[in-house]
Amino acid sequence: MIWNGCWAKFHNNSHKIIEELEFQFETIYQENYQKVIRLCLGYVNGHQALAEDLAQEVFLKVWQHLPNFRKEAHISTWIYRITVNTCLLELRKKKFNKGQEVLDNVTSDTDGEPLDHEERMRKMYNCINKLSKENRSIILLELEGIPQKEIAAITGVSHEAIRVRVHRIKNNLTKCVQHEVI
Amino acid sequence: MRSFEDIKSEWNKQIVPEIPSGGADRIANKIRKIKIKQRIAYIVLSLTLVILLIFFFHVSAYRSTTTMIALFLMMAPLLVRIVLEVCSIRALKQLNVVLQTQDFKKGMLRYYIRRRWVHFLITPLAFGIYTIGFTMLLPGFKTTFSKGFYLYIIISSIVSLSALALLIVVQIIKEQDTLRSLKDSKT
């Protein structure tokens, strides 16, 4: 009887914990999906299907690490850390190199005509793609409007170094976008 | 686009995929599937080991010292390599993605440096020992099987060992590229 009572209590408690985790995860998913996918798009040159695959991997990790999230860091910092690290890890795989093909297939038929949004985005992705993976992470976070202090907390690079690097990458990116011929 | 602000405003205008309906549930299902796959992998590995042991006793390998040593030389490196691969996959999956990127990259770097030991020492050693074991079995095959089947064994084993060697080399090159790119992006 005592054993049955203990078991029922344990079962109810664990069921409740799982339900709470699922609810918490659903909320995090809804609130952060768009932020995550925007960042992922930057790593795969705007290839939507690949970005969706990356985002799925990111949320798999979020789910796995959610019970250990201690709220020491802000939730968005935590999610961005997982996103940047998961993208770095996943980009080793061959299928994510398809993102490069998107750029390789772009033809150079602009001939001084004003560029439409899609072409401007391709141009931008091409320039972002030329950066090192680390600089790519920094500038993608900057483009997303993340404060530099938070970028430092995500990447582990000092705030001062981030400030200098963002300035340098911004200049290089702007020059590249201005002169890039696709 | 003349300034970074133009770039940023263009970036903010990009079309972003909608939140997939039932996406969170799909993730939970994928986790369940991953766990099932892991269990299947362990079952397959255990079954392989059991089959090898059954084969060992079925052919009464313990009666002939040469056959026993040869089979041991073939099975042991195979087993060591499988166990190392399983541990390696686990280690890669357990890389802590919650860490700051700099620390995470250090973890990745350590992982690939450890893999070099496997690639450049353990794998060639295992491959060599396996081949020695197999070669030790050949005189027995020659006396037991017909000339045609013996020739088939020789040719098919050369082809499969060469294919395996090629596969290993390709994998090593891929991992060395990753290691190089990780080292290059160090600040």
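How many residues does the contact take from chain B, and how many from chain A? It takes 30 residues from chain B and 43 residues from chain A. This is a predicted model, and the predictor gives the complex an ipTM of 0.75 and a pTM of 0.75.

Start with the side of chain B that touches chain A. Three elements each give two or more residues to it: helix 1 (4-12), helix 2 (23-58) and helix 4 (101-144) of chain B. Helix 2 of chain B gives the most, with six residues. By type, this side of chain B divides into 15 nonpolar, nine polar and six charged residues.

Now take chain B as a whole. Its secondary structure comes to five helices and zero strands. Along the sequence the pattern reads α-α-α-α-α. The radius of gyration of chain B is 25 Å, whereas the globule rule gives 16 Å for 187 residues, so chain B is more spread out than a compact globule. Its C-alpha atoms fill a box of roughly 80 × 40 × 30 Å along the principal axes. Buried residues make up 7% of the 187 residues in chain B. Consider the contacts in chain B between residues at least 6 apart in sequence: 65% of them join residues at least 24 apart.

Confidence in chain B can be read by element. The chain averages a pLDDT of 84, and 97% of its residues score at least 70. The lowest mean, 80, belongs to helix 2 of chain B, and the highest, 89, to helix 4 of chain B. Helix 2 of chain B is also the element that gives the most to the side touching chain A.

Next, helix 3 of chain B. This helix covers residues 65-93, 29 residues in total. From first C-alpha to last it reaches 42 Å, close to the 42 Å expected at 1.5 Å a residue. Which of its residues are buried? They are B:Ala70, B:Leu71, B:Leu73 and B:Pro77. What covers these buried residues includes helix 2 and helix 4 of chain B.

Helix 4 of chain B also holds B:Met108. Is B:Met108 buried or partly exposed? It has 19 other C-beta atoms within 10 Å. A buried residue needs 20 or more, so B:Met108 counts as partly exposed. Neighbours within four places in sequence aside, B:Met108 is in contact with B:Leu95 and B:Leu182. B:Val80 makes a useful reference point: B:Met108 and B:Val80 are 28 residues apart in sequence and 23 Å apart in space, C-alpha to C-alpha.

Turn to chain A. It has eight helices and zero strands, in the order α-α-α-α-α-α-α-α along the sequence. Buried residues make up 35% of its 182 residues. Of the contacts in chain A between residues at least 6 apart in sequence, 67% join residues at least 24 apart.

The largest nonpolar core has 48 residues. Those with the most contacts inside it are A:Val36, A:Cys40, A:Val44, A:Ala51, A:Leu54 and A:Ala55. Helix 1 (residues 2-43) of chain A supplies the largest share of this core, nine residues. In soluble globular proteins, nonpolar side chains tend to be buried together.

A:Ala51 gives a close view of that core. Leaving aside neighbours within four places in sequence, A:Ala51 is in contact with A:Ile37, A:Cys40, A:Leu41 and A:Val44. A:Cys40 and A:Val44 are themselves among the residues with the most contacts inside the core.

A:Ala51 is also one of the buried residues in helix 2 of chain A. The others are A:Leu50, A:Leu54, A:Ala55, A:Glu57, A:Val58, A:Phe59, A:Lys61, A:Val62 and A:Trp63. The buried set therefore includes the charged residues A:Glu57 and A:Lys61. What span should this helix have? At 1.5 Å a residue, the 18 residues of helix 2 (residues 48-65) of chain A should span 26 Å. The end C-alpha atoms are 26 Å apart, which agrees.

Last, confidence in chain A. The chain averages a pLDDT of 82, and 85% of the residues score at least 70. Among its elements, helix 4 (residues 98-104) of chain A has the lowest mean pLDDT, 55, and helix 7 (residues 148-155) of chain A the highest, 93. Over residues 106-112 of chain A the pLDDT is below 50. Beyond near neighbours in sequence, this stretch has seven contacts in the model.

Conventions:
Residues are numbered from 1 along each chain as its sequence is written. Chains are lettered from A and ligands numbered from 1 in the order in which they are written. A nonpolar core is a set of buried Ala, Val, Leu, Ile, Met, Phe, Trp, Tyr and Cys residues joined through C-beta atoms within 7 Å. A residue is buried if 20 or more other C-beta atoms lie within 10 Å of its own, exposed if 12 or fewer, and partly exposed in between; C-beta atoms are placed from the backbone. Helices (H or I, at least four residues) and strands (E, at least two) are DSSP runs, numbered from the N terminus. Two residues are in contact if their C-beta atoms, placed from the backbone, lie within 7 Å. The expected span of a helix is 1.5 Å times one less than its number of residues. The radius of gyration is taken over C-alpha atoms; the globule rule is 2.2 Å times the number of residues to the power 0.38. pLDDT is the predictor's confidence in each residue, from 0 to 100.
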